[in-house]
Amino acid sequence: MIGFDLTEEQLNYQKMARIFAEKEMKPYADELDKRQGTGFDWRIVRRFARANLLGVSVPKAYGGMGVDHLTASIITEELGAACLGISHPAGGTWLATTCLTLVGNEDQKKRFLPLVCGEKAMLAGLAITEPEAGSDMAGIKTLAVRKGERYILNGTKSFISNAGLGGFYIVFATTDPQKRQVGLNAFIVDGDSPGLTLGRVEDMMGMRAGQVGELIFNNVEVPLENQLGAENTGFLIAMQTLDMSRPCMGAGAIGAARAAFETALIFARERKQYGRPIIENQAISIMLADMATEIDAARLLTWRACWLIDQEMDSTLASSISKVFTTEMAERVCSRAIQILGGQGYTRRWPVEKYYRDVRACQIYEGTNQIQRMIISSML
Amino acid sequence: MIYKTIGKKIQKAREEAGLSQEEMASRLGYTQAALSNYELGKRRLYLANIEQIARELNKPLSYFLVDSPLRGKEEQKEPPDEITSEIINLLSELPTEEKKNILEYIKWRRDRLP
């Protein structure tokens with residue numbers, strides 16, 4: 001039952017992703033990271049669309065790649081190794097399509113999933129967080145009021161990946177804030193809906209190629225047929241979506257950690273002090289050994305969580321465990337890489353400080369690591 | 001955790017309906033092993049599964065969902081009607097002796113209110 005060999009198909013996807021990352025991401029990573037201001041580079045979307053990489057988790061029947069979660073995590077690791085920031089628009093889209101694939105009805109899937117597939121693909125996003133409802137999702141205030149065959153949405157969503165860029169968004173709103181999680185509902189909202197505007201765009205520490213910002217809903221009309229799942233099931237929908245997306249998100253952090261490790265390894269072999277490469281000092285080589293060990297452990301935890309998802313088993317515990325370990329491992333590895341490079345590592349001439357800034361976000365989004373620990377401890 | 005709580009409710013509703021796992025599984029078109037895994041919270045329950053089970057057992061969907069997705073301290077922030085309904089739900093799972101203890105405790109607390 002336990003085997004760690006990738007199938008030929010998985011190896012092909014890995015190779016494809018690695019080539020894409022080398023050609024279509026790496027050459028732009030530095031430039032997009034250093035840009036000032038917050039203008040989004042739409043060429044990212046065109047490149048991903050040409051490779052159908054926005055539709056990784058969309059079933060083949062709707063035009064996507066239709067790969068399982070384990071394969072998706074293998075692809076994500078490769079993309080993360082090139083640039084987590086450039087991967088981010090795709091990651092935000094996958095969140096929305098994971099949710100839609102999970103709970104959408106046939107009509108909803110037919111109307112929306114093909115939009116993120118193929119050469120003309122658009123981005124999508126998942127909108128849960130609000131200024132006053134972060135970790136406490138049940139505190140969502142965005143109000144959905146039913147009026148005949150429509151819902152009217154009012155409120156503000158914050159820290160939304162792909163805000164202002166999405167062809168559609170999955171938006172979580174409440175029909176009664178007093179009911180907390182019992183009043184939560186999920187809606188598919190057209191990106192062009194009248195009354196939907198982009199608010200503040202965040203100027204972030206890392207992930208600078210992506211766009212994260214506010215979505216403001218001012219009497220946005222959503223047709224009844226765009227409500228996801230049964231009434232008042234929004235909380236379950238959100239939890240299930242995040243349980244399924246966390247391992248894949250962690251895989252991106254593994255990619256960035258791997259890139260930092262590889263940079264540090266090459267540097268340590270070439271950099272000479274006292275007449276010999278610094279890797280010959282145990283102080284350095286043991287740091288590299290720890291980095292390799294932790295990357296490997298994180299990958300196995302991620303693969304196990306993905307395997308559970310693919311077996312249709314409950315992955316809640318395994319997903320949270322993998323998210324905590326993987327994202328904190330990535331920060332430690334990137335920090336050690338900076339240390340090994342010394343003064344050079346702290347400069348922008350080398351990419352390790354960028355890896356560090358990028359992976360730092362992973363401990364915060366898709367449920368902070370503190371929330372993951374609450375989930376883990378509640379299941380012990 | 002969500003699945004475990006929902007699974008327990010499925011088991012309870014099934015037993016109240018007087019159905020064995022085998023009977024219920026065949027009505028739903030699942031294998032008995034799959035239903036057992038759902039009840040134990042080991043298998044991921046899709047919303048569609050829960051809806052199907054709710055229909056089959058003649059229960060509203062909310063019966064399975066309403067007080068299940070509680071995590072951490074959120075419970076304490078519930079409006080009173082939610083707390084009350086949860087207390088009633090949990091009480092029904094306890095033996096009479098335990099209920100008596102809890103009744104005594106509630107009275108003890110009430111008598112000490114400012």
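Read from the N terminus, the elements of chain B follow the order α-α-α-α-α-α-α. The model is a predicted one. Chain B holds seven helices and zero strands.

## Chain B

Chain B has 114 residues, and 23% of them count as buried. Among its contacts with a separation of 6 or more, 54% are between residues 24 or more positions apart. The domain assignment divides chain B into domain 1, residues 2-65, and domain 2, residues 76-111. Between the C-alpha centres of domain 1 of chain B and domain 2 of chain B there are 26 Å.

## Chain A

Chain A contains 10 helices and 10 strands. Its radius of gyration is 21 Å, and the globule rule gives 21 Å for 380 residues, so chain A is as compact as a globular protein of that length. Along the principal axes, the C-alpha atoms of chain A fill a box of roughly 80 × 50 × 40 Å.

The table sets out two values for each chain.

| Chain | Residues that count as buried | Contacts (separation of 6 or more) made by residues 24 or more positions apart |
|---|---|---|
| Chain A | 54% of 380 residues | 76% |
| Chain B | 23% of 114 residues | 54% |

The domain assignment of chain A lists domain 1 (8-123), domain 2 (124-232) and domain 3 (235-378). The C-alpha centres of domain 2 of chain A and domain 3 of chain A are separated by 30 Å. Where these two domains meet, 13 residues of domain 2 of chain A are in contact with nine residues of domain 3 of chain A. On the side of domain 2 of chain A that touches domain 3 of chain A, nine residues are nonpolar, four are polar and none is charged.

## The nonpolar core

In soluble globular proteins, nonpolar side chains tend to be buried together. In this model the largest nonpolar core has 137 residues. The residues with the most contacts inside that core are I170(A), F187(A), A256(A), A257(A), A260(A) and C334(A). The element that gives the most to this core is α6(A), with 20 residues.

Which residues are in contact with I170(A), leaving aside its neighbours within four places in sequence? They are A96(A), C99(A), L100(A), L126(A), A127(A), A186(A), I188(A) and L228(A).

## Strands β3, β6 and β7 of chain A

Strand β7 of chain A covers residues 212-223, and it pairs with β3(A) as well as with β6(A). β3(A) and β7(A) run antiparallel and are joined by nine bridges. In this pairing, L153(A) has V220(A) in β7(A) as its bridge partner. Strand β6 of chain A, residues 196-201, also pairs with β7(A) in the antiparallel sense, over four bridges. Here L196(A) stands opposite F217(A) in β7(A).

Two residues in these strands have a positive phi although they are not glycine. One of them is F159(A), whose phi is near 55°. F159(A) belongs to strand β3 of chain A, which spans residues 150-161. There are 18 other C-beta atoms within 10 Å of F159(A), so this residue is partly exposed. The other is N219(A), with a phi near 50°. N219(A) lies in strand β7 of chain A.

Is N219(A) buried or exposed, given its C-beta neighbours inside 10 Å? N219(A) has 12 such neighbours, and a residue with 12 or fewer is exposed, so N219(A) counts as exposed.

## Where the two chains meet

Between the chains, 22 residues of chain A are in contact with 20 residues of chain B. On the side of chain A that touches chain B, α6 (234-270) and α10 (369-378) of chain A each supply at least two residues. The largest share of that side comes from α6(A), which provides four residues. By class, the side of chain A that touches chain B has 12 nonpolar, seven polar and three charged residues.

Helix α6(A) therefore appears in two parts of this account: it gives 20 residues to the largest nonpolar core, and it supplies four residues of the side of chain A that touches chain B.

Conventions: Residues are numbered from 1 along each chain as its sequence is written. Chains are lettered from A and ligands numbered from 1 in the order in which they are written. This is a predicted model: local features need pLDDT of at least 70, side-chain atom pairs count only at pLDDT 80 or more; totals for chains, interfaces and linings use all residues. A residue is buried if 20 or more other C-beta atoms lie within 10 Å of its own, exposed if 12 or fewer, and partly exposed in between; C-beta atoms are placed from the backbone. Two residues are in contact if their C-beta atoms, placed from the backbone, lie within 7 Å. Domain bounds come from an automatic or database domain assignment. Ala, Val, Leu, Ile, Met, Phe, Trp, Tyr, Cys and Pro count as nonpolar, Asp, Glu, Lys and Arg as charged, and the others, Gly among them, as polar. A nonpolar core is a set of buried Ala, Val, Leu, Ile, Met, Phe, Trp, Tyr and Cys residues joined through C-beta atoms within 7 Å. The radius of gyration is taken over C-alpha atoms; the globule rule is 2.2 Å times the number of residues to the power 0.38. Two strands pair if DSSP finds at least two bridges between them.
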